[in-house]
Amino acid sequence: MIFWGLTVSILILFAAAWRSWGDRASTAIVVIAALVSLAGFIRILDSGKGHLGDIRISLLGIEVPLEPQRPIYFGGDRASDSVVMAPRNAADTGLHPRAVRVATDAGGGVRIWYNRPDGVGVAGVVDWRPVGRGPFGFKPPWQRIDSAEFTEQSRLCIPLALSKTSRQARMGAVELRPDRRLELDGQVGLREVPARAGPDRIFPVRIYAAAQPADVGRGPLAASRTFLFRRGGRLYVSLLDQGATVVARGTACVAAKAQATKGPLLKTGEPIELSFRTLSSADDWLAEERLASGEDMPRVRAQERRSLTLDLPAPDPEAARRGKAARMAVKFNQPEALVLKADDILSALPTGSNARVRILLNDPSSLGSSPDVAALSLRSIGRPVLRDILQRIELDGGHRFFVAGDERQNMPLTFGDSIDLGIGATAKLQVERVDWRWGPFLGLWLLAPAALLASVAGTWRWRRQSAPAFIILSLGDFLLLTRLLIAVEGAAIDTRPQIAATVPAALLALAAMPFVFSALAPDRLRQARSVVLAQALFVALVAAHLLLFNGGVRLAAAAPLGLALLALAWALGGDQRRAAAVEAVRGTWRQAQNLVGGGLLSFYQYGRERLGSPARPYAPAGRSFAGLLLLLALMLVLRLLPERFAIGGNVAVVYTALMVFLWALALAQFVVRPTLLRVLVAGLLVAAPLALSLFQDKGYAIVYLLPMLLFALVLAAWREPAKGFWRTRIALMLPAILGAGLLVLAQVNSAAPAASEWPAPDEHSEQATAKRLELLEKAVKAERQDLRFQAFWKPQGLAEKGTLDAEGLRLAKQVWTEYASQGFLGRGYLNLPEPGELRRYHLSDNLAAVHLLAPFGRGGAAAFLLVLAAAAMGLAWRVRHAIGGDWPGATDLVGLLSLWTMFGASAYMVLANLNYIFFTGRNVLLLSAYSPSDLMEGAALLMLALVTLGWRR
């Protein structure tokens with residue numbers, strides 16, 4: 001309700017800005033807007049205090065004794081492994097049992113051994129590297145245990161089996177040919193091993209050595225887990241099959257007897273880092289279909305599950321004299337966190353002045369009966385270590401906790417302290433209370449209001465002199481404040497450290513982005529140099545807060561900090577340098593336009609001469625058309641970038657801005673003076689960027705089609721009816737209709753076959769084989785985005801797919817539907833359950849459901865969209881009033897379309913999370929505190945609106 005009231009108050013202030021903008025009125029409106037935003041933000045934070053107070057117990061590491069007869073094991077079995085590499089999510093796979101053994105070798109040193117997996121179960125690989133920095137500050141490269149270089153002079157000896165369930169029959173020889181194909185006992189594989197690939201991508205031998213598609217699932221290597229990978233330009237093989245080895249070419253293959261591979265030697269004071277990775281397996285049917293069709297092979301990766309650091313402390317002579325074993329410290333790079341809800345603590349707290357609540361970290365049966373409020377299970381510690389942790393943690397009603405079971409029984413500790421629990425092996429734990437004293441929230445009460453006031457002070461002149469600038473800058477403040485609220489809520493319900501880091505990153509964005517806007521403003525609108533430097537000093541203060549209290553500037557905070565540094569350099573660069581830089585950009589653009597326009601003119605003149613028509617001079621429209629082609633060419637270049645730069649990622653920052661420019665210029669040049677040819681050209685130019693994005697991200701094309709439709713409706717109602725009224729309106733709608741048609745055509749025949757359509761597994765007739773190939777070709781086209789479309793049209797069909805993606809999407813849809821169905825006013829701020837199936841998406845794709853609809857309800861989400869719509873509609877009204885009802889020019893169209901794009905894309909994602917329209921993989925612009933590209937994309941649209949509308953009026 002508070003969020004709803006805040007947005008309505010800002011709407012009223014926007015309305016006041018539309019009506020009048022005198023000296024006194026502008027000053028009053030700016031001050032009232034800042035106070036309303038500040039009061040609303042503080043009140044929303046204060047409303048969530050009753051939902052804070054959860055206790056988080058983080059496992060930072062363990063210390064274990066190293067004894068010659070008791071090795072330390074790392075793996076996926078809680079019963080036998082000291083450190084358990086369990087999966088993070090239910091859909092992930094863990095490491096095989098006893099995968100790594102740390103023990104004393106014959107020379108008295110401590111050695112790491114890798115044990116190959118038994119049977120056909122899951123397998124994992126282990127990478128290691130020294131801790132520290134190499135040349136130029138870079139970390140040393142990873143090295144993979146139990147791997148060997150594989151060249152044309154090598155031979156891979158690998159066990160063969162008749163099926164996935166049969167036992168080893170004999171050893172086979174795999175060799176690498178000059179054409180990068182694998183040859184298995186004279187049979188050449190269908191595909192060559194890629195010449196370039198990242199170190200995480202792997203190439204399973206069973207796929208790349210297959211001489212025919214059916215060999216992937218039913219050939220002699222069907223049960224093999226050995227794979228190839230590239231590192232530093234060289235090809236290596238990771239030996240995961242029992243008996244596999246690499247020998248010189250021409251050497252006879254025999255099974256290797258060693259079942260464990262010697263790894264690095266641990267030395268005192270020289271810690272090493274271990275990375276435990278599991279293999280994302282490719283479905284047999286998909287690999288077989290790709291081999292048969294000639295399409296790109298499915299990408300299989302070694303995905304990191306956990307990483308940790310091993311360290312041998314300096315020897316203790318006194319401990320050695322008493323016969324105590326040396327100890328090894330294990331530090332978890334991704335600490336496991338256990339959460340105890342505040343409501344459970346309060347309900348279990350007995351009455352009395354010395355009342356305490358007990359928390360047990362071991363099996364309750366080992367200590368007999370006890371009235372503990374919770375027996376929390378540490379999933380990262382196995383039974384050999386867990387049996388030594390016999391102490392309890394006790395909580396009182398204040399801000400202290402105790403350790404029961406040893407001499408620390410009556411020694412109060414402060415939340416945030418680290419403690420060691422255990423007798424032989426010990427666990428290092430950190431106990432925290434999620435309140436305003438917690439690290440990510442530390443300083444939030446003080447720095448967030450100060451950031452808002454610094455934003456107003458830094459742009460005071462600009463806000464007072466320009467009503468459009470006031471609206472756009474206030475909209476930016478509102479979105480950045482909401483972004484910070486969402487980051488706080490995300491950290492409160494998600495225990496991952498990288499999510500907690502989004503709170504200070506969002507705080508830095510709230511301080512840095514208004515400074516970026518003000519520093520880039522022209523001199524007549526920018527504050528004095530002293531004010532600019534003071535605002536920059538405040539941004540530096542917030543960045544220092546991140547460094548001192550939040551573990552440094554992480555990726556989410558790098559974008560606003562980098563933009564602030566660039567803006568400061570621009571503001572201090574001097575008028576002449578800034579003018580020279582702007583003129584250089586304009587000159588380059590004119591030269592490119594003239595180059596393309598000259599070519600078009602030559603072609604045009606040649607065509608007229610061939611037709612016997614007189615030549616025409618080069619008109620300004622030709623230069624404009626050349627500029628449109630240049631924009632489209634730049635977008636095509638972005639489309640052709642490698643997959644890791646896909647439109648759904650960082651390229652969207654530039655792609656969206658170019659698309660807005662292209663649409664605005666096309667509408668200005670062609671649609672407002674409609675002829676049949678001009679309308680067709682405009683329609684193609686508007687549909688082209690959406691069509692280009694279809695090949696990489698269909699969701700991007702669909703989300704940004706809605707703003708174009710809305711803006712076309714706005715322009716259709718721009719002028720009073722006159723001559724050519726209906727022709728102009730039809731022309732305005734045609735480009736959007738063409739774009740919608742492209743998206744509809746893209747979904748034809750994209751549905752995957754249901755599991756019931758497949759032939760029986762034991763049916764091997766020609767008709768069954770042909771049917772499988774037909775269904776495989778159809779299934780490959782049903783990518784993840786297509787499954788989302790099917791989830792909208794036929795959600796019950798997801799349960800029939802039989803694929804992991806379909807089942808995961810079905811569960812995720814159930815969860816986000818539950819979040820989005822919390823009534824008109826919602827559950828309340830900070831009053832949300834853990835995201836569960838939406839852990840990976842609650843700050844991106846499903847942000848609208850989890851952090852808008854669930855806490856603030858449908859009323860709050862509608863009020864949020866009303867603010868965006870009011871800014872877009874209000875500025876459209878002011879532009880129309882200023883130009884006297886004439887058609888807007890290209891500059892005005894760029895600014896208006898930027899705001900309508902923000903509103904349309906955000907409205908689409910809210911409606912998609914309500915299951916009213918197709919769900920796509922985008923987020924509400926400027927609200928994802930976890931995504932630096934989202935911040936830059938939203939800031940780019942706001943900056944376009946400021947430059948085109950806020951600098952002139």
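**Exercise 1. Find the handedness of the crossing between helix 9 and helix 14, then describe how the two helices pack.**

*Solution.* Start with the handedness: helix 9 and helix 14 cross in a left-handed manner. Keep in mind as you look that this is a predicted model.

Next, take the geometry. Helix 9 covers residues 444-458 and helix 14 covers residues 529-549; their axes lie 10 Å apart, at an angle of about 160°. Angles over 145 degrees count as roughly antiparallel, so helix 9 is roughly antiparallel to helix 14.

Finally, list the contacts. On the helix 9 side you will find Leu447, Ala450, Ala451, Ala454, Ser455, Ala457 and Gly458, and they meet Val531, Gln535, Phe538 and His545 of helix 14.

**Exercise 2. Work out how helix 9 is arranged against helix 11.**

*Solution.* Begin with the axes: those of helix 9 and helix 11 (residues 467-493) come within 11 Å and cross at roughly 165°. That angle makes helix 9 roughly antiparallel to helix 11.

Now check the handedness, which is right-handed for this crossing.

Then look at the side chains. Leu444, Ala448, Leu452 and Ser455 come from helix 9, and their partners in helix 11 are Asp477, Leu481, Leu484 and Val488.

**Exercise 3. Locate the largest nonpolar core and the helix that gives the most to it.**

*Solution.* The largest nonpolar core holds 149 residues, and Phe441, Leu444, Leu479, Leu484 and Phe864 have the most contacts inside it. Helix 26, residues 847-882, gives the most to this core, with 19 residues. Apart from this core lies another one of 60 residues, including Val83, Ala99, Val126 and Ala302.

Now zoom in on Leu479. Leaving aside residues up to four places away in sequence, Leu479 touches Phe864, Leu868, Met902, Leu926 and Leu927. As background, nonpolar side chains in soluble globular proteins tend to be buried together.

**Exercise 4. Compare the expected span of helix 13 with the distance between its end C-alpha atoms.**

*Solution.* Helix 13 runs over residues 502-519, which is 18 residues. At 1.5 Å a residue, helix 13 should span 26 Å. Its end C-alpha atoms are 25 Å apart, which agrees. As for coverage, 18 of the 18 residues of helix 13 are buried.

**Exercise 5. Decide how many residues of helix 5 are buried, and see what comes just after the helix.**

*Solution.* Helix 5 (residues 284-293) is mostly covered, with 7 of its 10 residues buried. Those buried residues are Asp284, Leu286, Ala287, Glu288, Glu289, Arg290 and Leu291. Just after helix 5 comes Gly294, with a positive phi of about 85°.

Methods:
Residues are numbered from 1 along each chain as its sequence is written. This is a predicted model: local features need pLDDT of at least 70, side-chain atom pairs count only at pLDDT 80 or more; totals for chains, interfaces and linings use all residues. Side-chain values use heavy atoms; hydrogens and water are left out. A nonpolar core is a set of buried Ala, Val, Leu, Ile, Met, Phe, Trp, Tyr and Cys residues joined through side-chain atoms within 4.5 Å. Buried means under 20% relative accessible area, exposed over 50%, partly exposed in between (1.4 Å probe, protein chains only). Helices (H or I, at least four residues) and strands (E, at least two) are DSSP runs, numbered from the N terminus. Contact means heavy atoms within 4.5 Å. The expected span of a helix is 1.5 Å times one less than its number of residues. Axes are lines fitted to C-alpha atoms, for helices over the stretch in contact, and angles run from 0 to 180 degrees between N-to-C directions. Angles under 35 degrees count as roughly parallel, over 145 as roughly antiparallel, 65 to 115 as roughly perpendicular and the rest as oblique. A crossing is left-handed if the near helix is turned anticlockwise from the far one by less than a right angle, and right-handed if clockwise.
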